[in-house]
Amino acid sequence: MADKESEELKDRVLEALEDVIDPELGIDIVNLGLVYGVDIDDENNVLVTMTLTFMGCPLSASLTYEVKRALADIEGIKEVEVNFVWDPPWTKDRMSRYARIALGLPEE
C-alpha cells in the first residue's frame, strides 16, 4: 500500500478509536493516551498497541471487543488485533488537554 494511503487508513483508525470509551473514566481511549501505536501491514491487518490505566484492570476483554467493533466498519481493514503492553506504564501525562479538562484535572 502506498504511504499516503497507509497514513489515511491510520488516520481513519485513530478517528474510529475515539469512539471507544473507557467505561471507568468516560473518556475515549485516544484522548486518555491509552493507545500507544497503530500498525498496519501490507495486507491491511491492524495491530493496535495500547495499555490500561493500571495493571490488572479488568477491562482488557471489553476494550478489545470495543476496539474491534469500532474498526469493523472501516473499508479495507482485514484483521484487527489488540496488544496490551505495560511498558511504558500509563500516566496522566499521556492524556490530551481535552481529557484533562473533561476530568477536571489541572492543565500542566
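**A walk through the sheet, its helices and two salt bridges**

1. A good place to start is Arg100, which counts as buried at 8% relative accessibility. Please keep in mind that this is a predicted model. The side chain of Arg100 meets that of Asp93 in a salt bridge, with 3.9 Å from N to O. Asp93, by contrast, counts as exposed, at 55% relative accessibility. With a cut-off of 4 Å between nitrogen and oxygen, the Asp93–Arg100 pair at 3.9 Å qualifies.

2. How many salt bridges does the structure hold? There are two. Besides the pair just described, Glu66 forms one with Arg69, where the closest N and O atoms are 2.7 Å apart. Both residues belong to helix α2 (residues 60–71) and sit three residues apart, about one turn of the helix. In an α-helix there are 3.6 residues a turn, so residues three or four places apart point the same way. Glu66 is partly exposed, with a relative accessible area of 25%, and Arg69 is partly exposed too, at 46%.

3. Now for the sheet. It is open, with three strands in the order β1-β2-β3 and mixed pairing. β1 (35–40) and β3 (80–84) are the edge strands, each pairing on one side only. On average, neighbouring strands of this sheet are turned by 15° against each other, direction ignored.

4. Take a closer look at β1 and strand β2 (residues 46–50), which pair in the antiparallel sense over five bridges. As one example to find on screen, Val38 has Val48 in β2 as its bridge partner. Helix α1 (residues 3–17) packs on the sheet and touches β1 and β2, its direction making about 140° with that of β1.

5. Helix α2 lies across β2 and β3, and runs at about 145° to β3. This helix has 12 residues and reaches 16 Å from its first C-alpha to its last, close to the 16 Å expected at 1.5 Å a residue.

6. Which residues of α2 are buried? They are Leu63, Thr64, Val67, Ala70 and Leu71. Seen down the axis of α2, these buried residues fall within an arc of 135°, so they line one face of the helix. What do they pack against? The buried residues of α2 pack against α1, β2 and β3. On the other side of the helix, Ala61 and Tyr65 are exposed.

How values were computed: Residues numbered from 1 in each chain as written. Predicted model: local features only at pLDDT ≥ 70, side-chain atom pairs only at ≥ 80, totals over all residues. Heavy atoms only, no water. Helix = DSSP H or I, 4+ residues; strand = E, 2+ residues; numbered from the N terminus. Buried < 20%, exposed > 50% of the residue type's maximum accessible area, 1.4 Å probe, protein only. Pairing = 2+ DSSP bridges. Axes fitted to C-alpha atoms, helices over the stretch in contact; angles between N-to-C directions. Contact = heavy atoms within 4.5 Å. Expected span 1.5 Å × (residues − 1). Arc of directions from axis to C-beta.
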